[in-house]
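Here is a short tour of the empty spaces, one helix and a few ring pairs in this protein. Have the model open while you read.

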Amino acid sequence: MLVTGANGFLGRRVVAAAHAAGFSVTALVRPAADLNALGWEPEITVVRAADPSPAALTDICRGIDVVVHLAASMTGSDAQKMSVAVDGTAALLDAIDPATTHFVLASSFSVYDWSRTGAEISEDSPLLDAAAAALQDGYTRAKLAQEQLARAVCAQRGIALTVVRPAAIWGPGQLFPSALGVRVRGWWLAVDARRVLRLTYVDNCASAFVAAAQTTGGQTFNVDDGFRISAWDYLGKLRFRVAAAKKLHCLPLPRLAADLGFRLGGWAFRLLRPGREMPGLLIAQRADARFSRSLAGHAALHAATGWNPPYALDECLRLADDQS
């Protein structure tokens with residue numbers, strides 16, 4: 001297995017989980033990555049490359065049976081996010097052997113059109129069309145374009161493709177997913193506080209990618225742990241169970257009040273900073289997606305592989321406390 005973005009928050013756990021599952025793993029990491037901090041076994045092959053050439057990518061992919069493509073850009077300009085998502089994926093697909101390589105792409109829940117998902121989403125729920133995508137943030141547009149590219153190229157070249165769409169990923173160092181609401185210094189304003197969150201703990205998500213990698217391809221899987229915990233209860237459990245969150249103060253914020261604040265904030269941002277990239281939270285359509293009440297789960301992945309989250313919520317909280 002080749003894992004791109006291997007030194008990232010999720011990638012380092014996918015590498016460890018794949019090694020534990022018996023894969024011979026090659027980890028593609030940034031040149032400055034601190035390997036000692038990743039905790040990997042010595043058998044893992046590490047390749048340092050920020051932007052490998054086509055020839056180098058071909059060498060890296062030689063003998064690889066499955067590629068788990070996690071590399072993405074969460075920061076930077078919209079053009080940078082699009083380049084990493086689209087150009088990087090195209091280069092990687094050009095480098096693999098289409099006859100023997102299974103390509104597992106990390107997509108995102110952000111590609112769904114949350115205005116049309118209904119009470120519960122599935123892998124067949126509608127995706128953003130071009131007009132709806134234009135109203136979203138740069139990351140969402142990049143992930144949508146990346147998935148569209150991968151599907152087109154894999155269909156054309158006969159590459160076995162599996163698309164994995166994780167919910168919000170949380171864990172040590174990333175305890176507060178944006179779907180909770182708005183953080184103001186030491187306070188969290190929990191938007192629509194009784195709304196059930198769509199979450200996957202980082203180690204659970206890593207194991208889901210390894211399970212998906214062992215299918216034959218051709219399917220799409222949502223990954224949500226299915227804990228069915230509200231934003232308010234999640235914050236309460238963090239404060240009670242995780243030392244790093246004990247000083248956090250929380251207030252519920254009704255959805256109508258939040259929407260009014262976001263829209264006023266968006267108006268003020270456009271007035272005061274014309275031409276600047278607007279924060280995702282101030283984009284009305286992005287806020288609607290982030291705080292949608294639609295539920296999620298992992299029924300398709302369970303049906304295909306038998307996968308269930310290896311760690312229950314209480315165990316996730318214990319692990320987050322130990323490692324934070």
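## Cavities

About 30 Å³ of space lies in the second largest cavity. A cavity here is a set of points on a 1 Å grid over the protein atoms alone where a 1.4 Å probe fits but cannot get out, and lining residues have an atom within 4 Å of a point. Grid points are joined across faces, edges and corners, and a volume is the space filled by probe spheres set on the points. The lining of this second largest cavity is made of Leu197, Leu199, Asp224, Asp225, Gly226, Phe227, Arg228 and Ile229. Sorted by class, that is four nonpolar, one polar and three charged residues; Ala, Val, Leu, Ile, Met, Phe, Trp, Tyr, Cys and Pro count as nonpolar, Asp, Glu, Lys and Arg as charged, and the others, Gly among them, as polar.

A word on the source: this is a predicted model, where local features need pLDDT of at least 70 and side-chain atom pairs count only at pLDDT 80 or more, while totals for chains, interfaces and linings use all residues. Residues are numbered from 1 along each chain as its sequence is written, and side-chain values use heavy atoms, with hydrogens and water left out.

There are two cavities of 30 Å³ or more in the structure, and the largest has a volume of about 40 Å³. Around the largest cavity you'll find Ala71, Ala72, Ser73, Lys81, Ala85, Tyr139, Ala142, Lys143 and Gln146. Five of these lining residues are nonpolar, two polar and two charged. Helices H3 (78-95) and H5 (138-157) each bring at least two residues to that lining, and H5 gives the most, with four. Helices (H or I, at least four residues) and strands (E, at least two) are DSSP runs, numbered from the N terminus.

## Helix H5

So how does H5 measure up? The expected span of a helix is 1.5 Å times one less than its number of residues. For the 20 residues of H5 that comes to 28 Å, and its end C-alpha atoms are 28 Å apart, so the two agree. Right after H5 comes Gly158, with a positive phi near 75°.

Plenty of H5 is tucked away: its buried residues (under 20% relative accessible area, with a 1.4 Å probe and protein chains only) include Tyr139, Ala142, Lys143 and Gln146. The buried residues of H5 pack against strands S4 (66-69), S5 (102-106) and S6 (160-166), along with H3, helix H4 (130-134) and helix H9 (284-290); contact means heavy atoms within 4.5 Å.

## Aromatic pairs

The structure holds seven aromatic pairs. Rings of Phe, Tyr and Trp (its six-membered ring) pair if their centres lie within 6.5 Å, with planes under 30 degrees apart called stacked, over 60 edge-to-face and the rest tilted. Phe109 and Trp114 make a tilted pair, 6.1 Å centre to centre with 45° between the planes. Phe109 and Trp114 are both buried, and together with Tyr112 they form one aromatic cluster.

Phe262 and Phe291 make a stacked pair, 5.8 Å centre to centre with 10° between the planes. This pair links distant parts of the chain, 29 residues apart: Phe262 sits in helix H8 (residues 255-272) and Phe291 in the loop between H9 and helix H10 (299-305). Phe262 and Phe291 are both buried.

Technical notes:
On a 1 Å grid over the protein atoms alone, a cavity is a set of points where a 1.4 Å probe fits but cannot get out, and a pocket is an open set with protein on both sides within 12 Å along at least five of seven lines; lining residues have an atom within 4 Å of a point. Buried means under 20% relative accessible area, exposed over 50%, partly exposed in between (1.4 Å probe, protein chains only).
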